[in-house]
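Work through the exercises below with the coordinates open. Each task is followed by a solution in steps.

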Amino acid sequence: MKIGIDLGGSHIAVGLIESSGKVLSKKEVQILKEDENNIKDVIENYIFGAIEEFRQKGKIESIGVAIPGTVSKTTVVKSVNLGLENYNIVEALHKRIQEPIKIKNDAKCAAIAENTYGSIKQYSSSLFLTLGTGIGGAAIFENKLLSPEDVPGFEFGHMIIKHNGKLCKCGKRGCFEQYGSMKAFKQKIIEELELDNKIDGEQLLKVVENEKDSHIMQEIIDEYITDLSIGISNLINIFEPEAIGIGGSFVYFADILLPKLKDKILSDNLLFNKRESLIINTAMLGNDAGMIGASLI
Ligand SMILES: [Zn+2]
């Protein structure tokens, strides 16, 4: 059995995973505001406790950790969401854990899981994008995750799609994630419809469903789909994937957005090699994708 750990921006999930990918047991905790000052202790202590408990259930072969940010070998180089920089998490965990430990960027972990068990399983070459607060990405070629030596790479969210566009948290301007992320979509709706900034995802989905035929909502959706299709068609032109998997909170809005996205990519003049059809599947493993993928690294 293996351990997969997902360090989200707001939670820690530790799972005991069978070799078939089945989650045998899972422990989860929210990261609170007051945890921010001693975030490393919070992470390490929770992981130590959970693994101690899972040891009672059988032998643990290895441990993988999905990290929301940039990683290099054993170190979290930077995670804006967790407020971490140059943190050698593998070394820290080895203080009390003897089993092999590996870490990887969370979007890459989700892509590995979706390629092994989920939405892009049947395809040997595919792309996986997480559309949520930002845009994460991974490319799979001949069933292998493409990865540069020192950094995660494949930062699809930070390709520039607009000259002198909106300022991105990475410091550049006009990045794809400033236009194509679900955060960008939600922000636009909140501004245009003058909604409360604290509206949650479920309520927002209801608003979109109820208003989808109104002129204002159609305009918002059209603008979002136009930007999203530019980013994704750029990726198709580079990788020519057999299929694309999309995860993140986009999945909840897929009934409304996905048909429009496919149609836009195919009918606008965006693709170098014209296609009759396009396979874009929504992620199947949901919130467990990062954790399951981490157990596979
Ligand atoms: Zn950026």
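**Exercise 1: two hairpins**

Task: find the residue with a positive phi in the hairpin of strand 6 and strand 7, and then in the hairpin of strand 5 and strand 6.

Solution. The hairpin of strand 6 and strand 7 has four residues between the strands, and G83 takes a positive phi near 65° there. Strands here are DSSP runs (E, at least two residues; helices are H or I, at least four), numbered from the N terminus. The model is predicted: local features need pLDDT of at least 70, side-chain atom pairs count only at pLDDT 80 or more, and totals for chains, interfaces and linings use all residues. Residues are numbered from 1 along each chain as its sequence is written, and side-chain values use heavy atoms, with hydrogens and water left out.

Next, strand 6 (residues 75-79) and strand 7 (residues 84-87) pair in the antiparallel sense over three bridges, where pairing requires at least two DSSP bridges. S79 has L84 in strand 7 as its bridge partner.

On the other side of the task, two residues lie between strand 5 and strand 6, and K73 takes a positive phi near 50°. Three bridges join these antiparallel strands, with T70 opposite K78.

**Exercise 2: the five-stranded sheet**

Task: give the strand order of the open sheet of five strands, and say which helix packs on the sheet.

Solution. The order is 3-2-1-4-8, with mixed pairing. Strand 3 (23-30) and strand 8 (101-105) are the edges, each pairing on one side only. From one strand to the next the twist averages 15°. Helix 3 (residues 106-117) packs on the sheet and touches strand 1 (2-7), strand 4 (62-67) and strand 8; contact means heavy atoms within 4.5 Å. The direction of helix 3 makes about 100° with that of strand 8 (axes are lines fitted to C-alpha atoms, for helices over the stretch in contact; angles run from 0 to 180 degrees between N-to-C directions).

**Exercise 3: domains and a pocket**

Task: where does the second largest pocket lie relative to domain 1 and domain 2?

Solution. Domain 1 is 2-109 + 288-296 and domain 2 is 124-278, with bounds from an automatic or database domain assignment. Their centres, taken over C-alpha atoms, are 27 Å apart. In contact are 10 residues of domain 1 and 12 residues of domain 2. Both domains give residues to the lining of the second largest pocket, so the pocket lies between them. Strand 8 supplies the largest share of that lining, five residues.
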